[in-house]
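Here are some comments for a colleague who is opening this entry for the first time. They are best read with the structure in view, one point at a time.

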Amino acid sequence: MEQHKMERAILAGLAADCFRKEEQATEESLDELEALLETAGGECVGKVLQNRHAPDPHSFVGEGKAEEIRELAEANEATMVIFDNELSPSQIRALEDITGTTVLDRSALILDIFAQRAKTAEGRLQVELAQYKYLLPRLSGMGKSLSRLGGGIGTRGPGETKLETDRRHIRTRIARLEEELEQVRKVRSVQRQRRQKNAVPVVALVGYTNAGKSTILNRLTDAGIPANDRLFDTLDTTTRQLTVSDNLSVLLSDTVGFIAKLPHHLIQAFRATLEELEYADLLIHVIDASDPEREEHIAVVDRLIEQLAKPDTPVIRCYNKADLVERAEWIVGTNNVAISAKTGDNLDDLLKMIDRELCKALHRGVFLLPYSMAGMIDKLHSEAQVLRVEYKTEGIEIEAVVDEVLYGRLRQYEVT
Ligand SMILES: Nc1nc2c(ncn2[C@@H]2O[C@H](COP(=O)(O)OP(=O)(O)OP(=O)(O)O)[C@@H](O)[C@H]2O)c(=O)[nH]1
Ligand SMILES: [Mg+2]
């Protein structure tokens with residue numbers, strides 16, 4: 001079977017004057033595409049970056065360039081060409097005709113990696129949904145592509161037999177998957193309500209793929225999540241309890257990594273997983289401080305946070321891998337912290353910052369309530385963190401961490 005042979009690919013990209021910044025292909029984005037290809041188990045045997053005023057409506061990079069790519073592919077025995085830009089179904093077909101090889105785009109490659117990585121039932125459902133949604137508009141005239149299925153990059157996920165069936169079948173399957181994922185979300189939301197009842201704040205680690213999110217969670221909580229030097233290592237959300245300080249314990253979640261030009265379908269399909277961001281009380285944006293593309297990556301993640309989190313969710317910028325950076329004084333700012341998850345350096349500062357952010361609006365106090373206010377105890381149990389309750393002759397003494405609203409009602413009973 002093809003599967004055991006390393007797939008050899010030419011990587012191609014187009015930089016066009018009319019593209020938005022995030023649509024452009026650059027040397028750096030082609031390097032990243034190469035890393036993605038290696039993650040998927042392929043090998044890059046040539047790169048082509050084309051500059052044009054605008055994409056060619058038919059062949060995207062232009063006939064001449066496409067011809068050049070064909071020659072390059074032939075000379076290097078490449079079996080596929082992967083484009084860094086998103087291609088339309090008709091462009092894919094035109095390019096396959098000219099180059100005589102399989103043509104994929106970056107989205108298909110990312111979907112393929114997700115398909116390889118997805119381990120949990122939920123992850124698999126989400127990937128399958130994204131793949132079908134990607135496939136559906138590309139189905140017409142895919143005779144050639146369908147017949148080449150049978151292993152290798154871009155063909156994993158929905159099985160061969162499933163793909164050979166018609167659109168209607170795929171639509172039904174999409175509807176089923178969406179239903180199943182809706183169930184997953186419902187279960188999640190019940191769990192979430194339970195957590196909210198216990199008033200435990202939720203903190204989510206977010207960031208570019210390979211920034212060190214899982215390593216941080218492992219360091220802080222002994223979560224034992226695999227952390228590897230490869231892209232999209234984590235596809236599932238893992239949540240662990242973390243004691244931040246005497247007053248504060250939180251739930252800390254690891255999340256799926258982001259990347260530039262993340263396929264839209266993938267974001268949609270991974271809603272159940274990404275909801276973690278929406279419900280977080282605080283986000284820790286993990287940044288690989290040693291990455292030369294750091295600033296671009298920060299911008300990508302910031303945009304996704306804006307899209308996925310509640311407005312005004314506080315964000316801590318956590319510059320990780322500080323052990324690899326010689327001078328880190330550029331990391332300044334009240335919400336910035338430089339750490340090394342590997343050496344454990346400065347993790348205390350990160351904890352202090354979490355504590356400071358979440359306790360801004362929290363008050364810890366000892367309150368002496370008259371017995372006529374006994375009903376308040378239930379409210380405190382459900383909406384605050386109760387540390388101690390003592391029934392005394394002069395009233396009920398209660399030690400608790402409460403939010404601003406509750407504090408407003410209780411402060412007159414505070415024992416100083
Ligand atoms: N030198 C150094 N390496 C680190 C540090 N933190 C993490 N790494 C390494 O960076 C790589 C990626 O770490 P992960 O924790 O898997 O990154 P992630 O953000 O969870 O990545 P994805 O799950 O793929 O999104 C691993 O090889 C880690 O060992 C650090 O502080 N210093
Ligand atoms: Mg991870």
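1. In this predicted model, three strands make up an open, antiparallel sheet, arranged in the order β11-β13-β12. Its edges are taken by β11 (362-369) and β12 (385-392), each of which pairs on one side only. Neighbouring strands of this sheet are turned against each other by 10° on average, when direction is ignored.

2. Within that sheet, it is worth following the pairing of β12 with strand β13 (residues 395-403), since the two run antiparallel and are joined by seven bridges. A useful place to look is arginine 388, which stands opposite glutamate 399 in β13. Helix α14 (residues 375-383) packs on the sheet and touches β11, β12 and β13, while its direction makes about 30° with that of β13.

3. A second open sheet is built from four strands in the order β2-β1-β3-β4, and here the pairing is parallel. At its edges stand β2 (42-52) and β4 (102-105), and because each has a single partner strand, one side of each is left without a neighbour in the sheet. On average, neighbouring strands of this sheet are turned by 25° against each other, again with direction ignored.

4. Which residue of β3 is the bridge partner of leucine 11? The strands to inspect are β1 (residues 7-16) and β3 (residues 80-83), which run parallel and are joined by four bridges, and the partner of leucine 11 in β3 is isoleucine 82. Helix α4 packs on this sheet, where it touches β3 and β4, and the direction of α4 makes about 80° with that of β4.

5. Helix α4 (residues 106-117) also packs with helix α1 (residues 27-39), at an angle of about 35° and with the two axes 9 Å apart; the crossing of α1 and α4 is left-handed. On the α1 side the contact is made by Leu33, Leu36, Leu37 and Thr39, and on the α4 side by Arg106, Leu109, Ile110 and Ile113. Sorted by class, the contact of α1 with α4 has six nonpolar residues, one polar and one charged.

6. Ligand 1 deserves a separate look, as 23 residues surround it, and the closest of these are Gly212, Ser214, Asp229, Thr234 and Gly257. Which element gives the largest share of the shell around ligand 1? That share, three residues, comes from helix α9 (residues 213-221). By class, the shell around ligand 1 divides into eleven polar, six nonpolar and six charged residues.

7. Finally, for orientation along the chain, the protein is divided into domain 1 (2-118), domain 2 (200-359) and domain 3 (362-413). The centres of domain 2 and domain 3, taken over C-alpha atoms, are separated by 34 Å.

How values were computed: Residues numbered from 1 in each chain as written. Chains lettered and ligands numbered in written order. Predicted model: local features only at pLDDT ≥ 70, side-chain atom pairs only at ≥ 80, totals over all residues. Near = placed C-beta within 6 Å. Nonpolar A, V, L, I, M, F, W, Y, C, P; charged D, E, K, R; others polar. Pairing = 2+ DSSP bridges. Axes fitted to C-alpha atoms, helices over the stretch in contact; angles between N-to-C directions. Contact = placed C-beta atoms within 7 Å. Left-handed = near helix turned anticlockwise from the far one by under 90°. Domains from an automatic or database assignment.
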